Amino acid sequence: MRSDVATLPGSPERPNEDWAAAALPASGAGGTVVLLDGVTPPAGDDGCVHGVPWFTARLGGTLTELSASRPDMPLPEILSAAIRRTAEAHRDTCDLSHVRTPQATVVLARWDETSVEHLVLSDSALLLEAPDGSVRAVLDDRLDRVPDEILRSLEATDGLRNREGGFFTAAADPSVAARAVTGTTPRAEVRALAALTDGASRWVDLFGAGDWTECFGVLRTEGPSGLLRRVRALETADAEAGGVRRWKTHDDATAAYAELRDL
């Protein structure tokens, strides 16, 4: 496996709330990629004394450990166990019932000699490249279905957070793992894969600079850092032109890319 990960904070005044890791099991067969995008809470109380970066580091670290060391556990079971373990780490100090308790989007991909498993929860993206160069995007589009006028209201958004008919993120309830988009692809049908937070996928889904196949081409030739530089250039140009295509000029942006070992 050859892997590469890059991340950029949305602002130098705020900590980066993303998390990404790639791991190769000791056996040398297969690998795993983990990517989280911490959900920035609005100003005010979220019931937690730790904050989102603490949460994504704890959850991401546990997901990396379990997905790399427990091939017997399905990915939803791994996500459920990681959420439970993270919740237990701050249950005594924080109000985990708060609707804005620290939470994150999740992408998990794990492969061995025969198959590639995936799990996607909320609006980060997983891209799977086939040997012929075609690219399939695995997306959880439930947040995209929520109208912008609702998302502009904190109260209305909170009413849809981790609820049926709304959208789901990894927070403190392990049962949310059953809501993730999951699947398995034969190993022979995947040459490489990539995971993107929505700050990185803007190149496609906000600015329309290319499609998912072209995005994967950038990752292959320029690496994750090259894609993030392209995103920042588009954001800056749009802001200078007075664009109003998003709520914030820059977002935390992270991309992870992995070429799978030849069979």
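Colleague: Which residues does Ser115 touch, not counting those up to four places away in sequence?

Modeller: In this predicted model, Ser115 touches Arg110, Thr184, Thr185, Pro186 and Arg187, once residues up to four places away in sequence are set aside. Of these partners, Arg187 is 72 residues from Ser115 in sequence, while the two C-alpha atoms are 4.1 Å apart in space.

Colleague: Where is Ser115 found, and is it buried or exposed?

Modeller: Ser115 is found in strand 5, which covers residues 115-121, and it counts as buried because its relative accessibility is 17%, under the 20% cut-off.

Colleague: What joins strand 5 to strand 8?

Modeller: There are 6 bridges between strand 5 and strand 8, and the two strands run antiparallel. One example is Leu119, whose bridge partner in strand 8 is Thr182.

Colleague: In what order do the strands of that sheet come?

Modeller: The order is 2-3-4-5-8, in an open sheet of 5 strands with antiparallel pairing. Strand 2 (18-23) and strand 8 (181-186) are the edge strands, each pairing on one side only, and neighbouring strands are turned against each other by 5° on average, with direction ignored.

Colleague: Which strands do helix 1 and helix 2 touch when they pack on it?

Modeller: Helix 1 touches strand 2, strand 3 and strand 4, and its direction makes about 165° with that of strand 3. Helix 2 touches strand 4, strand 5 and strand 8, with its direction at about 45° to that of strand 5.

Colleague: What about the length of each helix, what span should it have?

Modeller: For helix 1, 18 residues at 1.5 Å a residue should span 26 Å, and the end C-alpha atoms are 25 Å apart, which agrees. For helix 2, the 16 residues should span 22 Å by that rise, and the end C-alpha atoms are 23 Å apart, which also agrees.

Colleague: And what do the buried residues of helix 1 and helix 2 pack against?

Modeller: Those of helix 1, among them Trp54, Phe55, Leu59 and Leu63, pack against strand 2, strand 3, helix 2 and strand 4. Those of helix 2, including Ile78, Leu79, Ala82 and Ile83, pack against helix 1, strand 4 and strand 5.

Colleague: Which residues have the most contacts inside the largest nonpolar core?

Modeller: They are Leu59, Leu63, Leu79, Val106 and Leu121, in a core of 23 residues. Strand 3 (31-38), helix 1 (52-69), helix 2 (75-90), strand 4 (104-111) and strand 5 each supply at least two residues of this core. As for Leu79, its contacts are with Leu63, Val106, Leu119, Leu121, Ala170 and Ala177, leaving out residues up to four places away in sequence. There is also a second, separate core of 21 residues, which includes Ala125, Leu196, Trp212 and Leu227.

Colleague: Switching to the sheet with the order 1-10-9-6-7, what are its edge strands?

Modeller: The edge strands there are strand 1 (2-8) and strand 7 (135-138), each of which pairs on one side only. This open sheet has 5 strands with antiparallel pairing, and its twist averages 15° from one strand to the next. Within it, 5 bridges join strand 9 (residues 192-196) to strand 10 (residues 253-259), which run antiparallel, and Ala192 has Glu259 as its bridge partner in strand 10. Helix 6 (residues 212-240) packs on this sheet, touching strand 1, strand 6 (125-129), strand 7, strand 9 and strand 10, and its direction makes about 140° with that of strand 10.

Colleague: How many residues lie between strand 6 and strand 7 in the hairpin?

Modeller: There are 5 residues between strand 6 and strand 7, and Gly133 in the turn has a positive phi of about 95°. The two strands pair in the antiparallel sense over 4 bridges, and the bridge partner of Glu129 in strand 7 is Val135.

Colleague: Last topic, the cysteines: how many disulfides does the count come to?

Modeller: The count comes to 0 disulfides. For Cys94, the nearest cysteine sulfur is that of Cys48, 3.6 Å away, and Cys94 is in no disulfide, because the cut-off is a pair of cysteine sulfur atoms within 2.5 Å.

Colleague: Is Cys94 buried or exposed, and what about Cys215?

Modeller: Cys94 counts as buried at 9% relative accessibility, and Cys215 is buried as well, with a relative accessible area of 0%.

Note on methods
Residues are numbered from 1 along each chain as its sequence is written. This is a predicted model: local features need pLDDT of at least 70, side-chain atom pairs count only at pLDDT 80 or more; totals for chains, interfaces and linings use all residues. Side-chain values use heavy atoms; hydrogens and water are left out. Buried means under 20% relative accessible area, exposed over 50%, partly exposed in between (1.4 Å probe, protein chains only). Contact means heavy atoms within 4.5 Å. A nonpolar core is a set of buried Ala, Val, Leu, Ile, Met, Phe, Trp, Tyr and Cys residues joined through side-chain atoms within 4.5 Å. Two strands pair if DSSP finds at least two bridges between them. Axes are lines fitted to C-alpha atoms, for helices over the stretch in contact, and angles run from 0 to 180 degrees between N-to-C directions. The expected span of a helix is 1.5 Å times one less than its number of residues.
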